[in-house]
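Colleague: Got a minute to walk me through this one? I'd like to know how the pieces fit together.

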Amino acid sequence: MAFQRPTGTEDRLPAQQAAWNYVTERAERVVAQYGYGRIDTPTFEETALFVRGVGEGTDLIEQETYTFADRGGNRLTLRSEGTAPTMRAYLQDGLQSLPTPLRLYYVAPIFRYDRPQKGRLREHHQVGLEAIGEADAAMDAEVISVLARIFREIGLRQVSMQLNSIGDDQCRPAYLEQLVAYYRPRIDQACANCQVRLEKNPLRLLDCKEERCQPLIAAAPKPVEALCGPCAEHFARLQHLLGLLAVPYTLNPRLVRGLGYYTRTVFEFYTTERGAQSALGGGGRYDGLIAELGGRPTPAVGFGAGIERWLLALEEQGVAVPEEPGPDAYICHLGVEAQDWALQLATRLRSAGLRIVTTPGQRKLPAQFRQAEHYRARYAVIIGSEEAARQVATLRDMTNKAERRDLTDDELLHALRSASAGNGT
Ligand SMILES: [Zn+2]
Ligand SMILES: [Zn+2]
């Protein structure tokens, strides 16, 4: 093979589109129910938008992004997460002047130079939601409810959600000091990564997966124990609302998120089918991000969820995805005159809105029927040379093989249209 797709990327073949459309269409239907409007931003942005100073505590470092210089010498990065570009557009395109909260969603490819493994790609796609300009816990509850509803609509089972609050700029600095003071004398018991985290992003000490770090984490102070009054109130209100809305969750005091801009609420959805936990998406509140990007301080909350993860989970759970309907008819013809008539007929039927596939070249009738089956056409239209001369055709129902002969093009149109309407398409 001369060329291969790059490591960590996927081709999405025609046979996989039905599942793709199934989840994205349902997700878009759910977000529309809640009043979210779609935003599309460029595939690449200025590098500085994603890599904003190591001191900010972000784990997204330049080595994990697809960063390049263009011929004009600009440093550009392929979209490595969905929130920062949406906030950049919010500030640049004057969306701040719209009434709040502003509800936005996106469906977009995300690029990360990760170690490829199952369910972890260098190019994956996310459905993301951002609700901008509202600090009330009801906004967090709505964002979480949307994602829970999406999973219900696409038919995923065993979905659970973990919830935590990691405080804000009022209470977190003191908490981080406490955490660092706890870890500093014990750091030789921690893994090498945690030794780096202690200096760069101590909050992430809490979600280390290494065996040797677990006893340290278990005894460490937790952010939820150090919340200031307003943060504690917000978190209590959110839990109250999730209870009212019947969104199940478990509190996980160790839950933090990979990106450094989160404040207060963080959450993650998992499916636990077959024991193994696999992440389906998550998010949280990021009340400081818009100011960090140069805007007025503006509260916001959102989620990002990987579509490929949903598809893997659906497959593992054996959820049947409805097939997309085949064409209304497949036109078979025998002889050159029949082909001439078939092509004109096909054009006429398509102009009337029907989906019509024709046979190129000359093939035997059984071969053309096999094609009609391959396309999952509901009907075959059969034209021989004698029928072509009279401009009529035979209509064959591919499911029960019943045939109606000598139909004019008007009669064909009528028959196919009423079948198509009965199909709900
Ligand atoms: Zn560790
Ligand atoms: Zn606080």
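**Helix packing first**

Modeller: Let's begin with two helices: α1 and α10 are roughly perpendicular to each other. Their angle is about 115°, and the axes are 10 Å apart. Keep in mind that this is a predicted model.

Colleague: OK. Which residues of α1 and α10 meet there?

Modeller: From α1 you have Ala19, Val23 and Thr24, and they meet Ile307, Trp310, Leu311 and Leu314 in α10. By class, that contact has six nonpolar residues, one polar and no charged.

Colleague: And what's the handedness where α1 passes α10?

Modeller: The crossing of α1 with α10 is right-handed.

Colleague: Now α1 and α4: what angle do they pack at?

Modeller: About 140°, with the axes 9 Å apart; α1 covers residues 17-33 and α4 covers residues 137-154. That makes α1 oblique to α4. The α1 and α4 crossing is right-handed.

Colleague: Which side chains should I click on for α1 against α4?

Modeller: On α1, pick Val23, Arg26, Ala27, Val30 and Val31; on α4, pick Val146, Arg149, Ile150, Glu153 and Ile154. Sorted by class, the contact has seven nonpolar residues, no polar ones and three charged ones. Val23 turns up in the α4 contact, and Val23 is also listed for the α10 contact.

Colleague: I was looking at Met139. Where does it lie?

Modeller: Met139 is in helix α4.

Colleague: Is Met139 buried or exposed?

Modeller: Buried, because Met139 has 24 C-beta neighbours inside 10 Å, and the cut-off for buried is 20 or more.

Colleague: What does Met139 touch?

Modeller: Leaving out residues up to four places away in sequence, Met139 touches Pro101, Ala131, Glu134 and Val301. Val301 is 162 residues from Met139 in sequence, yet their C-alpha atoms are 7.3 Å apart in space.

Colleague: Switching to the sheet. What's the strand order?

Modeller: It's an open sheet of eight strands, running β1-β5-β6-β11-β10-β9-β7-β8, with mixed pairing. The edges are β1 (37-38) and β8 (250-251), each pairing on one side only.

Colleague: How does β8 pair with β7?

Modeller: β7 (residues 159-165) pairs with β8 in the parallel sense, over two bridges. If you want a spot to zoom in on, Leu163 stands opposite Leu251 in β8.

Colleague: Which helices pack on the sheet?

Modeller: α3 (residues 83-92) is one of them, touching β5, β6 and β11, and its direction makes about 45° with that of β6. Another is α8 (residues 229-244), which touches β7 and β9 (263-271); its direction is at about 35° to that of β9.

Colleague: β6 keeps coming up. Why does it count as largely enclosed?

Modeller: Because eight of the 10 residues of β6 (residues 123-132) are buried, the strand is largely enclosed by the rest of the structure.

Colleague: How many bridges does β6 make with β5?

Modeller: There are 10, with β5 (residues 102-111) and β6 antiparallel. In that pairing, Arg103 stands opposite Ala131 in β6. Ala131 is also one of the residues that Met139 touches.

Colleague: And how many bridges join β6 to β11?

Modeller: Seven, again in the antiparallel sense, and β11 is residues 300-306. There, Ile132 stands opposite Ala300 in β11.

Colleague: Back to α10 for a sec. Is Arg309 buried or exposed?

Modeller: Arg309 counts as buried, because it has 21 C-beta neighbours inside 10 Å. Arg309 sits in α10, which spans residues 307-316. Going by C-alpha atoms, Arg309 is 9.5 Å from Gln126, though the two are 183 residues apart in sequence.

Colleague: Last topic: what do β3 and β4 form?

Modeller: A hairpin with five residues between the strands; in the turn, Gly73 has a positive phi of about 80°. β3 (residues 67-69) and β4 are antiparallel over three bridges. In β4, Arg75 is the bridge partner of Ala69.

Colleague: Which way does β2 run against β4?

Modeller: Antiparallel, with three bridges joining β2 (residues 44-46) to β4 (residues 75-78). Check Glu46 there, which stands opposite Leu76 in β4.

Colleague: Great, I'll go and look.

Definitions and conventions:
Residues are numbered from 1 along each chain as its sequence is written. Chains are lettered from A and ligands numbered from 1 in the order in which they are written. This is a predicted model: local features need pLDDT of at least 70, side-chain atom pairs count only at pLDDT 80 or more; totals for chains, interfaces and linings use all residues. Axes are lines fitted to C-alpha atoms, for helices over the stretch in contact, and angles run from 0 to 180 degrees between N-to-C directions. Helices (H or I, at least four residues) and strands (E, at least two) are DSSP runs, numbered from the N terminus. Angles under 35 degrees count as roughly parallel, over 145 as roughly antiparallel, 65 to 115 as roughly perpendicular and the rest as oblique. A crossing is left-handed if the near helix is turned anticlockwise from the far one by less than a right angle, and right-handed if clockwise. Two residues are in contact if their C-beta atoms, placed from the backbone, lie within 7 Å. Ala, Val, Leu, Ile, Met, Phe, Trp, Tyr, Cys and Pro count as nonpolar, Asp, Glu, Lys and Arg as charged, and the others, Gly among them, as polar. A residue is buried if 20 or more other C-beta atoms lie within 10 Å of its own, exposed if 12 or fewer, and partly exposed in between; C-beta atoms are placed from the backbone. Two strands pair if DSSP finds at least two bridges between them.
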